[in-house]
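Hi everyone, thanks for making room for me this morning. I'd like to walk you through a structure, so let me put it up on the screen.

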Amino acid sequence: MAGSVLLALGLLGTTGTLVPLMGYSVRAASGDSMTPGHAQGDLVFFEEAGPDEVRRGDIVLFRAPAPAGQETMERVMGVGGDTVACCGSGERVTVNGKPLREPYLRDGDAVGGAPPYDVKVPDGQVFLLGDNRMDSLDSRFFEGGGTVPVAAVKGRADDTAVPMLLVAGVVVSGLALLTGAGLGLSGWVAGRPRARAAGQFPARPPGAPPTAPARPTGRQ
């Protein structure tokens, strides 16, 4: 009984946590462009995000254009219709003329030694910057105006506890599933009738009359 209950709970739990987890991917940060928030080698969960779900401030995984040309992650600073501009030493990045407060920056450096820029983001594009502006190959250096098609975005970083809780749910449910299956198998084996060895017969109950010998069927 206990095995059946655990088996059912394990199946339900595994299905209920594994299906949502399929909407995530995991990548290791390949460089230092997003330090101090995400250092090189850190594992980051990325949730699938459609073109209409990408917002300013999101850390996204995307395929970078030349000269990078590889899968990387940066922070979205502007979406279609925004104007992103920067700046002299000690100044801030502005979006649509408003200076941004960026507490995530490494050493508080919004410029990173790059030359000034003033970019109007076309519709369907995004402008991206790393949090470590001194060591980030981002929209300031991409060819073709610096912006990236929003369709190139493969996922949005999820730094909440949700993906870890889903992983923990899969592990716990999987253990329940295996335990239930083990208990069920043990019960099935224990309930099987055991075969008697050759010549083995049940013992005669106490007080029972002796069994008459078999009468020969042939003549002597």
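Let me start with a question: in which sense do strand 5 and strand 6 pair, and over how many bridges? Strand 5, residues 83–86, and strand 6, residues 94–95, run antiparallel to each other, and two bridges join them. If you want to find those bridges on the screen, valine 84 has valine 95 as its partner in strand 6, and alanine 85 is bridged to threonine 94.

Before I go further, please keep in mind that this is a predicted model. The mean pLDDT of the chain is 78, with 63% of the residues at 70 or more. Residues 5–20 have a pLDDT below 50, and that stretch makes 24 contacts in the model beyond its near neighbours in sequence. I'll leave that stretch alone today.

Now, the overall layout. The chain has 220 residues, and 35% of them count as buried. It holds two helices and 11 strands. Going along the sequence, you meet a helix, then the strands one after another, and then a helix again: α-β-β-β-β-β-β-β-β-β-β-β-α. If you take the contacts between residues at least 6 apart in sequence, 62% of them join residues that are at least 24 apart.

Back to strand 5, then, and to the sheet around it. This is an open sheet of four strands in the order 7-6-5-8, with antiparallel pairing. Strand 7, at 98–99, and strand 8, at 117–120, are the edge strands; each has a single partner, so one side of each has no neighbour in the sheet. On its other flank, strand 5 pairs with strand 8, again in the antiparallel sense, this time over four bridges. Alanine 85 is worth a click here, since aspartate 118 stands opposite it in strand 8, while threonine 94 is its bridge partner in strand 6.

Next, the other sheet. What is the order of the strands in the open sheet of seven? The order is 1-2-11-3-4-9-10, and the pairing is antiparallel. Strand 1 and strand 10 are at the edges with a single partner strand each, so one side of each is left without a neighbour in the sheet.

Let's step through part of that sheet. Strand 3, residues 59–63, pairs with strand 11, residues 153–157, over three bridges; look for phenylalanine 62 opposite valine 153 there. Strand 3 also pairs with strand 4, over five bridges, and one place to look is arginine 63, whose bridge partner in strand 4 is glutamate 71. Strand 4 in turn pairs with strand 9 over four bridges, with valine 76 standing opposite leucine 128.

Is strand 4 largely enclosed or open? Seven of its nine residues are buried, so strand 4 is largely enclosed by the rest of the structure.

Strand 4 also takes us to the largest pocket, which has about 300 Å³ of space. Twenty residues line this pocket, and the closest to its centre are Ser30, Gly31, Ser33, Thr72 and Met73. Two elements give two or more residues to the lining, namely strand 1 (24–28) and strand 4 (71–79). Strand 4 provides the largest share, with four residues. By character, the lining divides into nine nonpolar, six polar and five charged residues.

Let me zoom in on one of those central residues, serine 33. Serine 33 sits in the loop between strand 1 and strand 2. Why does serine 33 count as buried? Its relative accessible area is 12%, and the cut-off for buried is under 20%. Leaving aside neighbours within four places in sequence, serine 33 touches Met73, Glu74, Gly130, Asp131, Asn132, Asp135 and Ser136.

For contrast, let's finish with methionine 134. Methionine 134 lies in the loop between strand 9 and strand 10, and it is exposed, with a relative accessible area of 59%. Beyond its neighbours within four places in sequence, methionine 134 is in contact with Asp109, Gly112 and Gly113. Its C-alpha atom is also 7.7 Å from that of valine 111, a residue 23 places away along the chain.

That's my tour. Thanks for listening, and I'm happy to rotate the model for anyone who wants another look.

Key:
Residues are numbered from 1 along each chain as its sequence is written. This is a predicted model: local features need pLDDT of at least 70, side-chain atom pairs count only at pLDDT 80 or more; totals for chains, interfaces and linings use all residues. Side-chain values use heavy atoms; hydrogens and water are left out. On a 1 Å grid over the protein atoms alone, a cavity is a set of points where a 1.4 Å probe fits but cannot get out, and a pocket is an open set with protein on both sides within 12 Å along at least five of seven lines; lining residues have an atom within 4 Å of a point. Grid points are joined across faces, edges and corners, and a volume is the space filled by probe spheres set on the points. Ala, Val, Leu, Ile, Met, Phe, Trp, Tyr, Cys and Pro count as nonpolar, Asp, Glu, Lys and Arg as charged, and the others, Gly among them, as polar. pLDDT is the predictor's confidence in each residue, from 0 to 100. Contact means heavy atoms within 4.5 Å. Two strands pair if DSSP finds at least two bridges between them. Buried means under 20% relative accessible area, exposed over 50%, partly exposed in between (1.4 Å probe, protein chains only).
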